[in-house]
Amino acid sequence: FAILNADNELVMKSIYKIKAKTILFSLDDTNPALLTHISNDGVVVTVEGGNIILRKGPIDMKIARISNIPFTFGGKASFNIANTLAAVGATYAIGIDIKTIQTSLVTFNSSTGQLPGRANLIDVGSFKVLIDYGHNPSAIESLAGLIPHLTSGKKINVGSGTGNRIEESILDFGKNIGKIYDHIIICDSDPRERKAGETAELVRKGVLSMGFPEKEIQIVLDEGEAIQTALEMANDGDLVVIQANFIKEAIHIVLEYKENLLAKSKKQV
């Protein structure tokens with residue numbers, strides 16, 4: 001089986017090359033590719049009326065209500081709805097029964113325990129922290145749709161480019177975070193072939209090209225120090241988004257900071 005994203009034009013242009021059986025998924029149940037696939041006795045996974053639907057010919061199987069799938073943040077993370085559709089298609093293809101698929105979806109979440117580094121949302125006192133391993137422009141764009149639903153306060157970003165990417169991609173990374181955040185702390189946790197600080201400077205250049213205020217940019221090359229800096233500047237209602245390279249270390253720093261805040265508040269009481 002091949003599980004294919006029918007919302008991706010390049011994928012659909014290549015479908016004729018695929019020899020395996022195909023299952024298509026799409027966020028749009030009126031996608032013409034789905035209708036064609038169903039008419040050819042194919043299987044599709046899509047969204048209808050707020051539900052994940054597996055459709056085969058005239059038969060619809062309701063898999064789960066999107067708002068009941070923690071991984072989708074109540075349906076606000078469209079990129080994870082798409083991931084869910086793909087997962088349903090894959091598990092159905094290998095013969096996992098529908099009941100097991102349904103149970104798995106509503107009990108799986110993007111916590112630091114089950115899915116470290118993938119949209120881990122942590123309450124830290126009066127503000128929130130989102131830890132996500134996302135270093136390319138498309139990952140930034142995906143998060144952009146979710147972030148406004150998580151905070152009405154200041155949006156603080158900790159992130160770094162990847163040194164072995166072409167210069168244009170690193171600049172694009174900077175441009176994309178420059179569209180979303182109010183304050184940006186740039187580190188250099190993955191310089192690879194570049195000199196220390198070189199990638200961070202390219203990211204900074206990309207951020208500034210969006211008209212982002214220079215006073216709201218900091219360069220703190222060490223990722224751990226950058227995370228600590230962001231946590232210390234966060235106020236009530238703010239959101240700190242950490243696009244970490246060293247996931248375990250980032251989670252440890254955030255949870256330790258949270259524990260220290262809790263201990264301090266107990267002493268004050």
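**Notebook: a helix pair and a strand neighbourhood**

H6 and H7 are oblique to each other, because their angle falls in neither the parallel, the antiparallel nor the perpendicular range. I note here that this is a predicted model.

I looked up the geometry behind that. Helix H6 (residues 167–180) and helix H7 (residues 198–208) have axes that come within 7 Å and cross at roughly 50°. I also checked the hand, and the H6/H7 crossing is right-handed. Next I listed who touches whom: H6 brings in Glu167, Ile170, Leu171, Phe173, Gly174, Lys175, Ile177 and Gly178, while H7 answers with Thr199, Leu202, Val203, Lys205, Gly206 and Val207.

Then I moved on to the strands. How many residues of strand E3 are buried? I get 5 of the 6 in E3 (residues 43–48), so the strand is largely enclosed by the rest of the structure.

I went through the partners of E3 one by one. With strand E2 (residues 22–25), E3 pairs in the parallel sense over 3 bridges. I picked out one bridge here: Leu24 has Val44 in E3 as its partner. For the connection, I find that E2, helix H2 (residues 32–39) and E3 make a right-handed β-α-β unit.

With strand E4 (residues 51–56), E3 pairs in the antiparallel sense over 6 bridges. The bridge I noted in this pair joins Val47 to Ile52 in E4. I then looked at the turn: E3 and E4 form a hairpin with 2 residues between them. Gly49 sits in that turn and has a positive phi of about 60°.

Terms used:
Residues are numbered from 1 along each chain as its sequence is written. This is a predicted model: local features need pLDDT of at least 70, side-chain atom pairs count only at pLDDT 80 or more; totals for chains, interfaces and linings use all residues. Side-chain values use heavy atoms; hydrogens and water are left out. Buried means under 20% relative accessible area, exposed over 50%, partly exposed in between (1.4 Å probe, protein chains only). Helices (H or I, at least four residues) and strands (E, at least two) are DSSP runs, numbered from the N terminus. Two strands pair if DSSP finds at least two bridges between them. A crossover is right-handed if, with the strands pointing away from the viewer, the path from the first strand over the helix to the second runs clockwise. Axes are lines fitted to C-alpha atoms, for helices over the stretch in contact, and angles run from 0 to 180 degrees between N-to-C directions. Angles under 35 degrees count as roughly parallel, over 145 as roughly antiparallel, 65 to 115 as roughly perpendicular and the rest as oblique. A crossing is left-handed if the near helix is turned anticlockwise from the far one by less than a right angle, and right-handed if clockwise. Contact means heavy atoms within 4.5 Å.
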